[in-house]
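Me: Please take one part of this protein and go through it closely. I am in my first year, so explain the terms as you use them.

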Amino acid sequence: MQFTSEQRLDDAVLEREFTLGDIPGILWTPASAPVDAPVPLILLGHPPLGLRRMYPRLLDRARQAVGDGFAAATVELPGAGDRPRLAAVDEARAAMRRAVEAGEPVGDETVDALVLPLVEQAVPEWRAALDALLQVPGIGGPVGYSGGVISIGIRLAATEPRVAAAVFFAGSFVPRAIVEEARRVTVPLHVLLQWDDEGNDRQAALDLFDAFGSKEKTLEANMGGHTGVPRFAGDAAARFFTRHLS
């Protein structure tokens, strides 16, 4: 991992951009954190829209994490930003949009083609980023995962033992194979669901929640569309991490 820029956003937050091979990422840490007292790390997932487009929302989440005493980090997803496009995923995304616009169900084959290639490539990259980030002075475990493409989070939580807790945002298309993987997730979970999430199947989100194997799991549902998660719901997710990572 190579740091490419560094800036203090204010007296509290240090932001460092980095590259991991050809993968861009951003790390936010408390500006005054002593190296001999490492802070826990929260991995900030996001949809494959590109870090530049997602930056304002990621920064808001990172500021909250740092304010709560954590470090936060994210990486560019495969096929997003300036990374090479994933042609098959782009084709599946176009097929999904056509089905949604026509008021038709999105078929399992389309969901698989849209999500599974992204999961297969992204999860090893997240694990490699985690390897590098935990070597940075001032950062230690435990590790949390928050948000993003829920299928990526499920695979990571099911296979990465360093992830100790996760906050998931329900409302994405999830392949049946990933629903089965959810049964292997055992870490504490806090799942946010927007009740009126347009274009997504509420019952599928509820079935996915039922599938998680975690003994401690909370579903918080709020009225509103996909991007309307209320601030108090984000605050509740932050308190969840404080309980399980501090």
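Reply: What follows looks at one helix, then at a strand, and then at the whole chain.

This is a predicted model, in which local features need pLDDT of at least 70, side-chain atom pairs count only at pLDDT 80 or more, and totals for chains, interfaces and linings use all residues. Residues are numbered from 1 along each chain as its sequence is written, and side-chain values use heavy atoms, with hydrogens and water left out.

Helix 1 covers residues 51-67 and bends by about 40° at Arg57. The bend at a residue is the angle between axes fitted to the seven residues ending there and the seven starting there. Helices (H or I, at least four residues) and strands (E, at least two) are DSSP runs, numbered from the N terminus.

The buried residues of helix 1 are Leu51, Met54, Leu58, Leu59, Ala62, Ala65 and Val66. Buried means under 20% relative accessible area, exposed over 50%, and partly exposed in between, with a 1.4 Å probe and protein chains only. An α-helix has 3.6 residues a turn, so residues three or four places apart point the same way. The buried residues of helix 1 pack against four strands: strand 2 (13-20), strand 3 (23-30), strand 4 (39-45) and strand 5 (71-75). Contact here means heavy atoms within 4.5 Å.

Just after helix 1 comes Gly69, with a positive phi of about 95°. Most residues other than glycine have a negative phi, and most peptide bonds are trans.

A cis peptide bond is found between Gly141 and Pro142, with omega of about -5°. Pro142 lies in strand 6. Ile139 is also in strand 6, which covers residues 139-147. Ile139 counts as buried because its relative accessibility is 6%. Leaving aside neighbours within four places in sequence, the contacts of Ile139 are Leu27, Thr29, Pro38, Val39, Leu41, Ala71, Leu133 and Leu134. From Ile139 to Ala37 is 102 residues in sequence, but 8.2 Å in space, C-alpha to C-alpha.

The protein as a whole has seven helices and nine strands. Its radius of gyration is 17 Å, close to the 18 Å that the globule rule gives for 246 residues, so the protein is as compact as a globular protein of that length. The radius is taken over C-alpha atoms, and the rule is 2.2 Å times the number of residues to the power 0.38. Of the 246 residues, 48% are buried. Among contacts with a separation of 6 or more, 67% come from residues 24 or more positions apart.
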